[in-house]
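New to this one? Here's a quick briefing to read alongside the sequence and the 3D view.

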Amino acid sequence: MRNFTFYNPTRLHFGAGQIARLSEEIPPSSRVLITLGGGSIFQNGVWQQVEDALSGHHTSRFAGIEANPQFATLIRGLEQARAAACDFILAVGGGSVIDGSKFIAAALCHPGDPLELLTGTPISAAMPLGCVLTLAATGSESNGKGVVSHAGRQEKLPFASPLLYPRFAILDPRSTFSLPPRQISNGVVEAFVHTLEQYLTYPAGAPLQDRYAEGLLRTLIEEGPKALVTPCNYAVRANLMLCANQAMNGVLGCGVPHDWSTHLIGHELTALYHIDHAQTLAVILPALLNERRAVKQAKLLQYAERVWDFNLGKSEARIDAAINATRDFFQRLGVPTRLGEHGLDAGAIPQILAQLQRHGLTALGEHADLDLEGCERILLKAL
Ligand code: NZQ
């Protein structure tokens, strides 16, 4: 096992009715900017609970943070926060609202051009941030990462800092009952791929991390489809919410190699073609596993055996079966797994590769040996 330092200061309040805890989590003297997305929280009762809990606080509201939060939108949020002299940010929504709010929290404390925070300038301070999660997917509610989209640059720009961990996160599974099927499925796929990217590399003498990842994967396979059939099943939603959180709160990746190449290639697909983040992962991952089957052979066989119960037959056949089962799982959730299903053909590949090159993403994977030729083969396999 590799050396690691684990740090996660976010306090989780998990379960029904926990939104009421906002009043004790946010100091009464705070001037709170409440950030939200396109308005789903007004329909599902979440806003009312937030408003009730913060009735004694000074608040202002910034709405309209879109999926794949846009830099220009967030600058408007930043200006509003400055004008209202806010000193606490409360994000209410999914990963996009939370990521966008992390950016606003950092930009509020940055004297220079906010874009610098997305292009390499380290984050040196940030306003305190809390969140009420309404979509179980990214794990942003208890990590220090974010991704902001910049339309003018056709880029998704990741940023990260230990200063950006939310102070607290409220996870009431009932807040997710109102999710449309597409977002339920996106969430399951995203948690599944986050887990695989910290698991499906090479053996690292880390059986506990392996078993934890396998437990998450099997739980997602069992519970994910149930949420589509019975959207208001509390137990199912609670399990999915916890899985998505644990997949990306840092614990799973302690001491083991990672391979984030599915995410990095997927980001280019969203930046160029506006495909939902999770849907890019569902397209790239099966093709990537196929292309990288030799370097990932030992873990692919372990994945086949322990997650899908494929124990018999030749190694290559078991690996084929595991990759096919993964693709089939995504498809059963209603998530497309081919570029063609998103209207893209081989003609799109040079542009995607050019973006990867422009961003210096030419040595990906757990061995930093996935070059542009390898990415091209993955994209061809994903057609
Ligand atoms: O804006 P509203 O009206 O709330 O609608 C949203 C949005 O349209 C809707 N939604 C959320 N909760 C709902 C709901 N609709 C009904 N009922 C509810 N309870 O869902 C839509 C998608 O929301 P979004 O926040 O975009 O989804 P997600 O949570 O998947 O976040 C995706 C973003 O997170 C980034 C992605 O790149 C993308 O920008 N990621 C962040 C990560 C992190 N911080 O660690 C890691 C991830 O891999 C990912 O890159």
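Start at the ligand: a backbone N or O atom of Gly39 sits 3.1 Å from one of the ligand's oxygen atoms, within the 3.5 Å allowed between N or O atoms in a polar contact. Keep in mind that this is a predicted model, where local features need pLDDT of at least 70, side-chain atom pairs count only at pLDDT 80 or more, and totals for chains, interfaces and linings use all residues. Residues are numbered from 1 along each chain as its sequence is written, and side-chain values use heavy atoms, with hydrogens and water left out.

**Around the ligand**
- Thr134 joins in too, with a side-chain N or O atom 2.8 Å from a nitrogen atom of the ligand.
- His277 places a polar side-chain atom 3.0 Å from a ligand oxygen.
- Of the 960 Å² of accessible area that the ligand has on its own, the protein covers 88% (Shrake-Rupley method, 1.4 Å probe).
- The ligand is surrounded by 32 residues, and the closest are Gly38, Ser96, Lys156, His194 and His263 (a heavy atom within 4 Å counts as near).
- Sorted by class, that shell has 7 nonpolar, 21 polar and 4 charged residues, with Gly counted as polar.
- Helix H5 (95–107), strand E6 (145–150), helix H6 (181–197) and H9 each give the shell at least two residues (DSSP runs: helices are H or I with at least four residues, strands E with at least two).

**Two packed helices**
- H9 (residues 261–273) packs against H13 (residues 349–358) at about 115°, their axes 10 Å apart (lines fitted to C-alpha atoms over the stretch in contact, with angles from 0 to 180 degrees between N-to-C directions).
- Residues making this contact include Leu264 and Tyr273 of H9 and Gln351 and Leu356 of H13 (heavy atoms within 4.5 Å).
- The contact divides into 8 nonpolar, 2 polar and 1 charged residues.

**A loop residue**
- Ala126 lies in the loop between H5 and strand E5 (129–133).
- Leu108 is 18 residues from Ala126 in sequence, yet 6.9 Å away in space, C-alpha to C-alpha.

Key: A polar contact is a pair of N or O atoms within 3.5 Å; within protein, one must be able to donate a hydrogen and the other to accept it, and residues adjacent in sequence count only if both atoms are side-chain atoms.
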